[in-house]
Every structure is written in C-alpha cells, then in structure tokens.
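Hi,

Here's the structure I promised to pass along. Have a look, and my notes on what turned up are underneath.

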Amino acid sequence: MGLISRLSPAALRIIALLAVLAIVVIFFAVQIEGYLNGRLFNRISSSVAIMALIATGQTLVILTRNIDLSVGSMVGFAAFATGSIITNNPDLNPLLLVLYAAVVGTAFGMVNGALVAYARVPSIIVTLATMALYRSFLVEYSDAKSITTSGLPAWLTDFPNMPVFSIGAMEFRAGFTASLAVVIIVHLCLTRLRPARALFAVGSNPEAAEMAGIDAKRVVFAAFALSGLMAGLAGFMFLARFGTITVVAGLGFELKSVASSVVGGVNIFGGSGSVIGAFLGAILVDLLETSLVRWAVVSEFWREAVLGALILAAVATDTILSRRLTRLRATKKGDAK
Amino acid sequence: MNPVLALRAVSKNFGMTAALTDMTLELFPGEVHAIVGENGAGKSTMIKIMTGIHQPSAGTVEVDGAPVVLSGSKAARLRGVAAIYQEPMVFPDLDVTENIFISATSGLLLNRPAMRRRARELIARIGMTLDVDRIASGLSLAEQQAVEIARALSQDVRVLIMDEPTASLSAHEASELRRIARALAADGVSVVYISHRLEEVFELANRVSVIRDGKHISTKGIADTNPQTLIAEMVGREVGNYFTKMPSTATSETLISVQGLSVDGVFENISFDIKRGEVLAMAGLIGARRTDVALALFGMLKTSAGQVTYKGQPLQITSSRQAIDAGIAYVSEDRRKMGLAMALPIRWNITLATLQKYLSPMGLINTGAEVATAWDYKKKLNIRTPNTDIAVGLLSGGNQQKVMLAKWLNMAPDLLIVDEPTRGIDVGAKAEVHALIRAFTAAGGTALVISSDLPEVLALGDRILVMREGRQMAIINHEDASQESIMALATGQKDAA
Amino acid sequence: DTIKLEPGKETNMVLLPKFLGILVFDQANEGAQEAHKELGNPGKLEFTGPTPENSTAGQIEIMTTAGTQKQGAVMLSNNAGDQIVPAAEAAQAAGTKVVTWDSPIPGGKGESVFVAQVDFGSIGTVMADMALNILGGKGKMAVLSATPDASNQNAWIESMKTALAADPKYKDIELVDVVYGDDQAEVSYNRALALVDKYPDLGLIMSPTTVGIQASAKAMQDEGLCDKVKVSGLGLPSEMASYTMNGCAPEFALWDFRDLGYLTYFTSYGLATGQLKGEIGETFTAGRMGDYTIEADPGREGAKRILMGPFTVYNKDNVEAAAK
Amino acid sequence: MSRLFSWEGFLFACLIVIFTFNAVAAPDFLSISNQINLFQLSIEKIILALVMTFVIINAEIDLSVGSMMGLSACTFGYLHQMGMPAALVILICLCIGVAGGLFNGWFTARLGLPSLVVTLATLIGFRGLARVMLEDRGIGGFPDWFAALGQKGLIGPIPFALISFVVLFFVLYILLERSGFGRKTYVIGSNRDVADFAGIDTARHKIIIFTMSGAAAAFAGLLYAARVGAVRGDVASGFELDVITIVLLGGVSIFGGKGSLVGTLLSILIVLNLRNGMALLSITGHIQTGVIGLLLIASVVIPRTKLATPSFLKPEVTP
Ligand SMILES: Nc1ncnc2c1ncn2[C@@H]1O[C@H](COP(=O)(O)OP(=O)(O)OP(=O)(O)O)[C@@H](O)[C@H]1O
Ligand SMILES: Nc1ncnc2c1ncn2[C@@H]1O[C@H](COP(=O)(O)OP(=O)(O)OP(=O)(O)O)[C@@H](O)[C@H]1O
Ligand SMILES: [Mg+2]
Ligand SMILES: [Mg+2]
C-alpha cells in the first residue's frame with residue numbers, strides 16, 4: 001500500500017476514474033456480444049476526438065473558477081467559417097486553414113475573456129449571452145446555406161480517419177491522435193510550467209492570487225482565449241469529420257463538455273482537476289452513450305434516462321472512491337511518521 | 001539615509017468612510033518599524049496601499065525617493081515590497097510547496113524536488129514542522145500563517161510588511177518569527193510590523209508609529225516611549241491594566257464534566273470539569289488539538305470514546321443544533337471560514353445563532369426586536385460602524401471579532417467556548433473582551449477559553465489545561481501557573497504530572 | 001369550377017418555418033416571395049422563425065403575436081405538435097388564417113388547410129420500395145429519424161410500417177430498430193455507427209430526414225462500410241450526390257421546397273383575402289403550378305389538405321443534374 | 001434612497017424605458033389581451049424563475065427544472081390517457097416533482113456532490129423518463145375544465161396562471177425577505193460553514209429548497225399542459241437556461257447569498273416586455289435572443305461594489 005501514500009490526490013482521482021471506466025467496459029462486455037474489440041476502440045476514439053478538445057478548453061476555464069457555456073456556438077461558428085473559406089478557396093494550404101479555425105475560435109474566446117476578466121461580469125452570464133450571440137452570428141453569417149461535403153477537398157474529409165498507426169485491431173486515426181497530442185501537451189504545460197500554476201491559484205483563491213502578485217485578470221482572460229482556441233480546433237475537426245455544417249452544429253456541446261470535465265474530476269468550484277481527467281471523463285460519457293445504444297436491454301426511449309442515472313452514478317462513485325483513497329493515503333502517511 | 005518606501009500625505013476613502021487621512025510615513029533600510037493602533041485605525045489599509053492592492057485617493061507613494069504608482073501587488077513585488085496579510089491568503093487546492101512558491105517568477109519549468117527541499121528549509125526556519133506535500137485546505141490557521149511567512153521569505157524583499165503575523169501563532173513560533181524579522185533587518189531589509197501585542201513591539205521594533213482614526217499620531221524611537229504612552233496615543237485615553245487576574249467567580253456546582261474524551265487519530269483521553277462561573281483556559285502550542293476538543297464538545301466532530309456529563313445528566317452531542325439547544329456556544333478562531341457570513345449585514349450575523357427568538361409563530365422575523373438587539377451590542381461592545389445594516393466584511397478585524405462574540409453572547413449560553421477570543425484585537429478592545437468574559441462568568445456563565453496568548457491565559461483562566469499533540473498534559477491552578485511552567489508542559493520539556 | 005385568384009389585394013402574411021438557418025426552408029421562402037410578387041400583394045410577407053434551440057416555444061409565441069398583429073395569414077411548418085393548437089385557434093379567432101405546410105398540426109385543430117408536399121401514405125410505399133430495391137428483396141433495415149417529436153417523420157415511419165405489412169413482397173425485409181439522431185450531424189453519425197455495431201448483418205439505414213441521411217452516408221463511407229450497409233431516405237440532391245455516385249446511397253427521394261412555398265402562398269393569399277373559403281372541393285389555380293383542390297386529409301381525420309406531389313426519386317441517373 | 005441607486009432601481013428604470021418604447025412603437029402593445037398574452041406565454045418560466053431565485057441565493061443551481069417540467073407534463077398526459085381522473089393525476093405529478101427535488105437535494109446536500117453536476121445528470125435523466133412514457137407520441141384531449149384553466153380567463157380576462165403567479169410571488173416574497181427560512185437561505189448561500197456552526201441544519205434546508213424547485217417545476221409542467229392542451233417528450237426542453245438568465249439578470253449572485261425576488265420580478269418584466277415588443281415589431285429568432293444576450297452582459301458591466309462579489313469560500317461539506 002506504499003503506492004497509495006506516494007500518489008498525489010490528482011493521481012488518485014485518475015485511478016478512481018480508470019476504475020470506473022474499467023467497470024463500465026467489463027459490464028458491457030458481459031452484456032453485449034462482440035463488444036470488446038478493436039472496433040469499439042476505433043468508434044470511441046474517433047468520436048471522442050472532438051469532445052476531448054472542447055473538454056480540455058472547458059477544463060482550463062473551470063480551473064479558474066469560471067465556466068464557458070459558449071463552446072458549442074464557437075465550435076459551430078468556427079466549423080462553418082472554416083468550411084466556407086475552404087469551399088471558396090479549395091487550394092488553401094491546410095495549415096492556414098487550421099490556423100484560421102484557431103484564430104476564429106480564439107477571437108471569440110478573447111471576447112468572453114475580456115468581458116469576464118476586465119469587465120468583471122460573472123462568466124456564467126457572459127457565456128450564456130455569448131452562447132446565444134455567437135449562434136446568432138452563425139445564423140446570420142450562414143444565410144441558411146449549409147456547408148456540404150462536396151465542397152470540401154478530399155484531404156480535409158479524409159484527415160480524421162486516416163490511420164496513423166495501429167495496435168492490433170485498434171487504429172490510432174489522425175483525428176484522435178491529433179487531439180490526444182493536444183491533450184497531452186496541455187497536460188504537460190499545466191503540470192510542468194510555472195505560469196500555468198497561476199490557473200490553479202486563481203481558481204483556488206482569486207483574492208489571494210491577486211495579493212500574491214498574480215495578474216488574475218490576465219490568467220482568466222488567457223483561460224477563455226484558450227478555451228476559444230480549443231473550440232476553434234474542435235470546429236475544424238467537426239468540419240472534417242461530418243462535412244455538412246448547418247446552424248445547429250455544436251448545439252448542446254456546452255453541457256456535454258461540462259459533464260465531461262466534472263465526470264473527469266475537475267472541481268466545478270475551480271482550483272483542482274486535470275485535462276487528463278477531463279479526457280477520461282469525455283471517454284466515459286461517450287462510452288456510456290454508445291454502449292447504451294447497443295445494449296438490447298434498454299430500449300431507445302429508456303436510453304436517456306439510463307444515461308442520466310449512469311452519469312450520476314459515475315460521478316458519485318468516483319467522488320466517494322477518491323475520497324476513500326485520499327483518506328487511506330492520509331492514514332498511511334500518519335502511520336509512517 | 002534615504003527612505004526605501006515612503007507615504008506622502010496619503011488619504012484613502014471607501015465611499016463615505018475615510019480610512020486614512022493625510023498619512024505620512026517613512027521606512028528605512030535595516031529598521032523594524034512597528035505600527036500600532038486600535039481596530040479600524042487604518043493599519044491594514046495603509047499596508048494595502050504600500051503593496052498596490054489599494055490606490056490612494058490622494059497623496060503619493062515613493063520608492064527610493066521617486067514617486068511611483070503601484071498598480072497592483074505585482075508592481076509592488078517588482079520593487080521589492082512584499083507583505084504577509086492579516087488574514088492568511090492560502091490556496092486551498094494547492095499543496096504547501098506550491099503555496100509557498102506561487103508568486104515566484106524565475107524559470108519557466110517547475111523543479112518540484114528543488115522546490116520541496118527549499119520549502120522544507122523555509123518551514124524549518126520558522127521553527128515549524130509541516131508536511132510540504134499537504135493540501136492547504138486541511139491546514140490550521142497557524143499553519144496557513146506559516147505558509148504565508150515562508151512565501152514572503154522565499155522572495156528577495158527590500159520591504160517586508162507583516163500585518164499581525166503572530167495573531168494566531170503560539171509563543172514558540174512567534175519568537176522564531178521575531179528572530180527572523182531581526183535577522184532580515186540586520187540584512188538591510190525594512191521590516192514593517194503590525195501587532196496588537198505591545199510586549200512584542202517593545203522587544204522587536206526600532207521605531208514605532210501610532211495611528212488613530214486613519215491619522216498619523218506619532219513616530220518615535222522605541223527608547224523614547226513606553227507602553228502606557230503608546231496605549232494612550234492609540235486610544236486617546238488611559239486604559240486600565242487588563243492583564244491583572246480578577247478573582248474567580250467559580251461556584252461549587254459542576255456544570256460540565258468530561259471523561260476520557262477521544263477522537264481517533266486526533267486527540268485522546270481528555271478529562272476535565274468546569275464549575276459554574278469558572279473560566280477554564282486551554283493552553284498549548286499549534287496543533288495541540290485544542291480546537292478539535294472544542295469542536296467535539298460542540299458536536300461538530302464525532303467522538304470515538306468518552307462521556308460528557310452536563311448539568312448532572314449524561315449528554316451526547318452530535319450536532320451544533322443540539323449543543324446550542326443545550327446552552328453551549330462556540331466562538332470560532334476562524335472568522336472567515338466558520339465565524340461570520342462576511343457579505344451579510346452585521347445585524348443578520350448577530351442574531352444568526354438565536355434566530356428562533358426573533359420569529360413569530362408564523363416564522364416571520366420581528367425586525368424591530370432584531371434591530372434593537374443589534375444596536376444594543378453595537379453600544380455594549382463598542383462596535384465601530386455607522387449602522388448595523390452594512391456587510392460585516394467591511395469592518396476592521398477587531399470589530400468583526402466583536403460581532404462574532406455578540407452573536408454568541410446573545411444566546412445567553414451556559415457554557416461559552418471561546419477559541420482565541422482576542423485574535424487580532426487591539427489593546428482597548430482586548431480589555432473590553434476580557435471584561436465581557438468576566439462579566440459573563442460573574443453573572444453565572446461558564447467559559448472555556450482557548451488561547452495561544454500566554455498573558456491572556458493567565459489573565460483569564462481560573463484553572464489552566466495544557467495540551468500537547470492531542471494529549472492532556474496537566475490542569476494547573478492559576479496560583480501555581482506561570483508562563484514558564486505552561487510552556488514547559490506545552491513543549492513537552494516537563495512531562496504530565 | 002376553378003377559382004382564379006384576383007391579384008393586388010392587400011394582406012400581411014407570415015411564413016413561419018420550424019426554425020431559421022435551414023436550406024429547405026429558405027427555398028420555401030424563395031417560392032413564397034416569387035408568388036408574393038406575382039400576385040402583386042401590396043402587403044408584407046415576412047419570413048420569421050424561432051432559433052433551433054427554442055423552436056416549440058418560439059413558434060407558439062410568434063403564432064400568438066400574429067393574432068395580436070392582425071396578420072392576414074400565418075404559413076406554418078409546424079414543429080410544436082398539438083401544443084400550437086391553442087395559439088393557432090386564438091389566431092384564427094382574431095381573423096388570422098393558419099395554413100400549414102411541410103409539417104401539419106397532428107390533430108388538425110387550429111389550421112385551415114395543410115399544403116402537403118406529398119401524400120403521407122405514399123411516402124411510406126416509396127421508402128418501402130426503395131428498401132426493396134436496394135436490399136434486393138431481402139434483408140435487415142433500421143430507421144434513423146430526426147427527433148421522436150417530429151410529427152411528419154413519425155407519420156412517414158408509420159406509413160412505411162403499414163406499407164411493409166400490407167404487401168407480401170416486403171415479407172423478407174425486416175425493420176429491426178428505430179433510433180433518433182436529433183437532426184444533428186454528430187448524433188446521427190454516431191447513431192448510424194452504433195446501429196451497424198448492434199446489428200452486424202444490417203443491410204440498410206433508412207433516414208427520412210436530410211440531416212440523418214447525409215450523416216449516415218458519411219459514416220458508412222468513412223468506415224468503409226458502403227458495400228455492406230446502404231443508406232436511403234429523404235435527402236437533398238446537393239448534399240447526397242457524391243454518396244449516390246459512389247454507391248453508398250443508391251436511391252433517395254425528395255420534393256421541391258420552392259414549389260411548396262409557392263403553392264402555400266397562393267393558398268394562404270386566397271384564404272386571407274376571402275377568395276377561398278377553405279372548403280373541401282374548392283379548386284383554384286396556383287399560378288405556374290396549375291390547379292389544386294382542397295380535399296379531406298386521409299391521414300388526419302377531419303383535417304383538410306392540398307396535395308402538391310409528386311416527389312422525385314433520385315439515383316445515379318438524375319442526382320447530379322438536380323444537385324446543380 | 002439607497003433603493004433608488006440599487007440594482008432594482010436600475011432594472012426599474014430599464015423597464016420604464018422599454019415599456020414606453022414598446023407602447024410608442026408597437027400599436028398593439030398596450031391592449032389588455034396582449035398584456036395578458038405576454039404573461040401567459042411565459043408563465044411557466046416565470047414560476048420557475050421565482051423558485052430558482054431561492055436555489056441560487058442558496059449557492060446552488062438546479063438545471064433539471066426544464067426536464068422536471070417535461071416529466072410532470074408527460075406524466076399528466078400519460079396517466080390521463082390511461083384513464084385516471086385528472087385531479088388524481090395532478091396530485092401524482094406534484095408528488096413526482098417533490099420526489100425529483102428530494103433526489104437532487106439528497107445527492108447535493110447529503111452526499112456532497114456539486115448541484116451543477118447532480119442536476120446536469122437529472123436534466124438528462126428526468127427528460128429520459130418523460131421519453132420513456134410518451135416515446136414518440138404527443139397526447140392531447142385533456143378535460144375541458146383543465147384546458148380552460150390554462151387558456152381562458154378565471155376572473156374576467158385574468159387567467160388562472162396569472163393569479164397563481166401573483167399569489168405565489170407574494171407568498172415567496174414573504175418567505176424570502178421576511179421569514180426565518182429566507183434568512184437561512186441567504187446565510188447558507190453566503191457561507192455554509194457559518195450556518196452549520198450556528199446550529200442550522202444546512203443539508204435539510206438545501207433539500208427543502210430543491211424540493212420546492214422540483215414541486216414548482218411539476219406545477220409549471222401542469223400549467224404548461226393546460227395552456228397548450230397537448231404534451232410530448234420535449235416539453236420545456238432548454239427552459240433552464242432562460243430561467244437562469246432571468247434570475248441572474250435580476251441581480252441574484254451566482255455565488256449565492258445575494259439577490260432579491262423584486263429583482264427577479266423586474267427582470268421577468270424586462271425580458272417579457274422586450275421580447276413582446278420585438279415580436280410585435282416582427283423581430284424574432286436569433287436577433288431577439290441576441291438582444292437579450294447583450295442586455296444580460298450590459299446589465300452587469302455597470303460597476304458594482306467590491307463586496308457584492310461575495311465571499312470566495314466554496315461550499316464544501318464538513319467531513
Ligand atoms: N474595502 C473596504 N470598503 C469599505 N471600508 C473599508 C474597506 N476596507 C477597510 N475599510 C474601513 O476602513 C477602516 C480601516 O480599516 P483597516 O482594516 O485598515 O483597520 P486596521 O487598522 O487594520 O484594524 P484591525 O486592527 O482591526 O485589523 C475601517 O473603518 C474599515 O471598516
Ligand atoms: N497534523 C495535522 N494534520 C491534520 N490536520 C490538522 C493537524 N493539525 C491541525 N489540524 C487541523 O487544524 C485545525 C485546528 O488545529 P488544532 O485543533 O490541532 O490546533 P489548536 O490546538 O487549536 O491550535 P491553534 O488554535 O493554536 O491553531 C483542526 O481542525 C485540525 O483538524
Ligand atoms: Mg488590520
Ligand atoms: Mg485552534
């Protein structure tokens with residue numbers, strides 16, 4: 001049990017989450033024939049690639065004790081704007097296109113950040129409003145036209161499914177690999193870089209952060225800008241994966257990303273959590289959703305009810321489990337003295 | 001020699017309140033400059049102007065003789081001005097190490113092992129032991145204070161301001177801290193030291209400034225003044241000697257008797273009884289677990305063994321409601337976390353624990369009676385506020401303390417447990433609080449006072465219970481107690497009798 | 001005898017789609033605007049609707065306001081089910097005609113007449129026939145619909161079930177599941193794949209919604225499943241052309257929304273200006289589209305409809321031309 | 001005097017401006033029927049907003065109200081169709097609301113999960129239960145007296161919904177601003193530990209408030225069923241965000257401990273009048289939503305005092 005005392009609470013949280021994930025997988029493997037195979041991995045990994053990015057951005061914001069409800073609208077707008085650029089200029093350099101999506105997202109994120117950090121409007125108010133506003137921009141900008149796959153170059157639509165490498169039947173496709181890379185990079189930055197700690201400090205105690213010489217405003221601004229950036233990248237991925245973009249693109253992503261983060265153990269009151277956790281949370285939510293469709297026991301109409309119950313159960317289990325582990329760790333440490 | 005930091009005719013208004021008026025102060029390298037004044041005199045406000053948290057309404061701040069605008073604490077930090085604030089400012093989700101180095105700026109990559117090593121050194125330098133991997137949310141107030149001090153020490157500072165750093169430290173740590181302050185001054189740092197403990201001021205400071213009502217009253221070399229003069233300057237009148245022990249008002253009837261009280265892994269086998277009208281003082285170092293004993297008596301901590309006999313009946317308390325119904329009150333040491341709802345009006349806070357008394361049968365609040373009570377306490381406890389409807393968080397620390405006391409006194413409890421009753425309270429108010437506790441026991445009330453301030457323990461306690469690391473060392477009668485004997489028990493130099 | 005609508009009469013009208021920002025509704029608006037000019041109505045034609053996330057409440061609100069504003073007619077593509085009835089009845093009582101198009105009021109209350117794009121009964125047969133065709137007479141099929149609340153989709157699925165049961169030639173086609181993709185690309189895409197995983201021998205995904213069919217086709221194409229699982233249903237040629245050409249979606253159907261808007265406008269204009277009574281048997285000329293008759297709606301008891309019909313089945317031969 | 005410069009004062013001024021503008025710009029605005037419509041159309045959200053004020057002042061949030069409303073409405077439709085007498089069904093629906101509220105409250109207050117998470121899960125779960133009952137059907141044909149309650153005037157032109165709103169507002173106003181219960185709501189929202197130490201059973205209080213919210217949502221669901229005369233699985237989906245918008249615009253702090261029902265009422269009136277005015281000027285859809293969004297932001301950019309941003313302590317359960 002020496003291990004437990006050496007692990008940080010954050011690591012314990014991840015372990016609890018992995019345990020919950022394992023339980024879910026085992027349960028469905030028993031229930032559904034031919035469940036546990038490479039294809040399951042491919043399904044979940046491809047579909048979680050987009051939400052992983054959004055949840056990463058959401059996590060950065062939640063860490064600072066804020067929330068970003070406008071992510072869905074930002075994804076929708078970025079996807080559409082990117083799609084219409086490439087449709088009109090099919091020869092555009094791929095990197096420029098990604099950059100464009102990133103810039104669009106970041107710009108929106110910066111508006112959120114400026115209003116929250118510098119105009120001191122609570123984030124829930126700002127992003128509730130910009131959620132509506134950005135979607136309105138999309139409706140206005142799109143003029144009821146859709147982006148269709150036929151207008152997109154092949155490299156773009158092929159990108160998400162391009163296999164990068166594979167382990168057995170498990171394919172690591174470009175979309176998933178790219179977003180996994182982003183998650184890992186952000187994780188490393190968060191845990192290793194000195195300036196990134198300010199994010200935790202501001203979320204943990206904003207007043208104290210201000211007094212400790214941290215420019216809390218800039219930190220919050222940056223978190224929102226990064227969330228916008230992530231939404232922009234997710235918009236790009238959304239476009240590449242689905243090809244057809246209408247005004248409803250990304251609708252409902254805000255709550256789903258919040259759910260992913262909190263299921264992943266990010267403290268909704270700020271200050272603690274990890275993007276790896278949020279990533280696992282996104283996987284868990286996606287896994288539940290997909291598996292429930294395949295589970296013969298629940299009919300189409302029961303699925304939502306069961307999903308709600310399972311999310312709650314997952315969060316409760318995870319919370320209780322990590323509380324237990326933390327306590328266990330505390331006593332072990334005490335004994336060691 | 002030039003002052004490293006100076007305030008020139010600085011004023012600060014908060015709306016209608018003038019917290020500082022025409023304040024001028026010079027700080028020189030290598031001096032320990034004490035600042036004293038009543039609660040609400042404007043000391044903390046002045047500090048916050050020096051560190052860029054507040055902007056002056058008028059006047060200028062000078063660094064090295066040149067006027068500067070300190071736009072935020074970062075700007076101040078860059079000029080070498082750092083502070084330890086009155087209310088500890090820790091990050092509950094981060095561990096001790098990260099808390100200490102949160103405002104460090106050097107290096108892009110974090111070097112955890114080096115940080116932990118250095119954190120341990122810094123903590124040791126204050127004379128404390130603290131697991132540097134612990135998450136700060138579990139730290140006691142004193143430990144939080146230690147973290148803050150370590151944070152300040154971790155930086156290169158030219159001016160170090162300490163706003164009541166010893167308020168929640170016990171004698172041992174406090175003396176370590178004073179040693180550090182002297183050492184820093186010897187290195188040429190200008191140390192500003194705010195304290196309500198005058199003996200500290202005289203032991204430590206080279207110069208002392210008095211502030212009253214936001215105005216500068218005097219700045220003198222420490223040799224040119226004495227405690228009586230200082231107090232007179234602070235409060236504008238003479239104050240009686242409040243450290244004289246008043247005769248005991250204990251009766252022969254036992255109010256509460258505690259036998260073998262334990263909480264697994266926290267404290268064990270605590271046994272004492274208190275007579276009606278008596279004051280039992282609890283002394284000990286930080287982490288002696290006195291607060292936990294109080295929490296257990298108040299039903300906020302589950303006990304694992306032991307009995308409590310209260311008014312002759314066995315009593316099992318599992319919630320604060322039960323304790324309150326039984327006539328037990330607990331004045332917490334942590335005002336912000338457990339004491340006061342800072343954003344709510346003073347009046348609401350005062351009647352909070354006794355709300356039942358102000359309700360009509362329909363459950364509606366009798367506002368008239370409530371206002372009357374609030375004003376009553378405002379006068380009785382001399383709470384400095386224009387009215388009782390403003391947020392209690394806007395009051396100075398000492399006045400907040402009085403509001404908290406008012407909340408529990410209003411309950412007219414049989415047993416009043418007071419944890420650090422005069423933390424951060426000025427001399428005048430301290431005397432008033434002591435008088436209040438005395439009046440309370442003289443009127444038949446019973447008190448359990450937890451204090452880290454040894455003179456206070458001696459001034460109040462009819463008997464003194466000394467704790468050390470969760471164990472009860474001894475109960476000594478006042479006549480047999482001295483600062484030295486208590487310290488010896490608390491530090492374990494002398495074993496339990 | 002056929003009524004020729006007299007142009008130039010003033011009446012204000014509102015074209016109310018399910019929500020804004022969807023191509024087919026804009027096409028309907030173009031048709032209505034064309035008719036508006038053609039009839040020389042000096043009044044105003046407004047195209048206004050709710051946002052996607054607020055569709056039901058928004059439609060009710062706009063319907064209620066239309067009554068207050070004394071609009072001549074509201075042309076409604078209903079997304080609120082029977083919940084719109086009180087508002088529609090109130091509007092009718094205030095003198096505002098309510099004409100539905102694309103999606104009717106299920107119970108038929110509160111509407112003057114429904115301009116049906118096609119016969120709802122025959123959509124079922126067409127979908128069943130496409131399934132028969134694609135599956136080669138035998139196989140498993142699943143339906144991927146919009147939301148469980150979309151009354152037109154529900155009616156079509158129902159009519160397909162009826163058609164499948166009615167004729168023995170469909171006896172080897174098995175409808176295994178109905179799932180909902182909420183008319184969102186992402187949800188539909190994932191549902192389509194989940195269907196394939198759930199039924200390893202699935203042969204066809206039938207999606208009676210333009211979003212669902214497109215997302216399903218893309219999903220099958222992305223996962224290289226087009227050889228095994230085909231996609232069909234109702235789709236826009238411009239969105240579906242490539243999938244039809246590469247064999248993922250060999251056949252699908254749709255009608256012309258521009259015509260639908262045009263016809264709806266003529267009907268509403270006639271009713272609002274009192275030239276049509278809205279009674280069964282009335283026949284009128286709808287400009288370039290020719291003559292139409294108000295008849296009883298076979299699918300909804302007591303309700304009236306005007307049948308536009310027919311629709312086009314798209315395949316390799318005609319899809320590219322239509323996509324232009 | 002201080003009221004005049006308060007948040008409520010500001011909202012009131014906004015309201016006057018909007019009202020005057022509407023009256024001048026939209027000729028039908030001042031008609032009695034329009035004024036009643038204006039309330040009637042949003043009555044459910046209004047009722048939810050009144051109770052949500054309690055929830056948010058108590059430093060919690062209830063995202064499940066829209067779904068609970070849907071669940072209640074669908075249960076009504078389902079059981080009505082099964083042939084149960086309407087009066088009994090109404091009672092059952094209200095009980096479901098209470099049960100759902102207790103459920104949210106228990107997980108939040110006793111188990112210590114953040115309410116945002118709990119009610120996010122029940123937002124999905126309650127909606128799912130509504131779906132289970134009605135699947136893809138819509139149900140209408142409610143008894144005449146029930147439909148009349150929702151659609152016709154009860155006293156003259158004034159409908160039942162409006163009357164119940166007025167009654168509810170006064171009851172809740174007294175409860176929040178004058179009673180001990182309301183006082184505790186503020187204190188717990190401001191600092192839960194302080195309330196715990198003062199002998200308040202904070203968990204119980206929170207559970208009661210969630211229960212109120214659940215019951216109000218169930219009641220609103222019934223009003224909705226009566227008003228629109230038909231129900232289906234998506235009733236009131238997305239209402240939670242509108243309701244929260246109204247409450248926050250009314251000056252209730254998302255961190256708890258601060259706000260008033262008068263603020264919520266003014267905010268309701270502002271949103272209603274703004275929406276109605278725009279609708280009468282044929283401004284709908286996303287532009288309308290956009291304007292409300294801008295208003296929401298603008299309303300808070302107006303500087304506030306420092307302590308208005310409340311204690312930064314987080315509501316944590318004592319272990
Ligand atoms: N942010 C604020 N807004 C309004 N008034 C304030 C604010 N901060 C301080 N004050 C007022 O300014 C005066 C000075 O307060 P300050 O905290 O500086 O006193 P102090 O000397 O530090 O007292 P103590 O010894 O009790 O800590 C008090 O009357 C206080 O109520
Ligand atoms: N070593 C420790 N490990 C975990 N928690 C501790 C430790 N020491 C103190 N605490 C926590 O800090 C709080 C107060 O500490 P405690 O009761 O031990 O101190 P005390 O004797 O009251 O000293 P003081 O009041 O001077 O800080 C308690 O709630 C306790 O749980
Ligand atoms: Mg102070
Ligand atoms: Mg203590």
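When I say contact, I mean heavy atoms within 4.5 Å. Keep in mind that this is a predicted model.

Chains A and D first. Their contact draws on 42 residues from chain A and 41 residues from chain D. Together they bury about 3,700 Å², with 81% of that on carbon and sulfur atoms. I found zero salt bridges across the interface of chain A and chain D, and zero residue pairs in polar contact with both at pLDDT 80 or more. On the chain A side, the elements giving two or more residues are α6 (123-142), α10 (206-211), α12 (253-263) and α14 (303-336). Of these, α6(A) gives the most, with twelve residues. By class, that side of chain A has 30 nonpolar, six polar and six charged residues.

Now for a boundary inside chain B, which is split into domain 1 (5-235) and domain 2 (254-490). Their C-alpha centres are 29 Å apart, and each domain puts 27 residues into the contact. About 2,100 Å² is buried between the two domains, 53% of it from carbon and sulfur atoms. On the domain 1 side, B:N39, B:E87 and B:L141 supply 30% of the buried area, more than any other three residues.

So which residue forms a salt bridge with B:D213? That's B:R384, with the closest N and O atoms 3.1 Å apart. Across the interface of the two domains there is one salt bridge, and one residue pair in polar contact (both at pLDDT 80 or more). The domain 1 side that touches domain 2 has ten nonpolar, ten polar and seven charged residues.

Cheers

Note on methods: Residues numbered from 1 in each chain as written. Chains lettered and ligands numbered in written order. Predicted model: local features only at pLDDT ≥ 70, side-chain atom pairs only at ≥ 80, totals over all residues. Heavy atoms only, no water. Buried area = accessible area lost by both parts, 1.4 Å probe. Salt bridge = Lys/Arg side-chain N within 4 Å of Asp/Glu carboxyl O. Polar contact = N/O pair within 3.5 Å; in protein donor to acceptor, adjacent residues only side chain to side chain. Helix = DSSP H or I, 4+ residues; strand = E, 2+ residues; numbered from the N terminus. Nonpolar A, V, L, I, M, F, W, Y, C, P; charged D, E, K, R; others polar. Domains from an automatic or database assignment.
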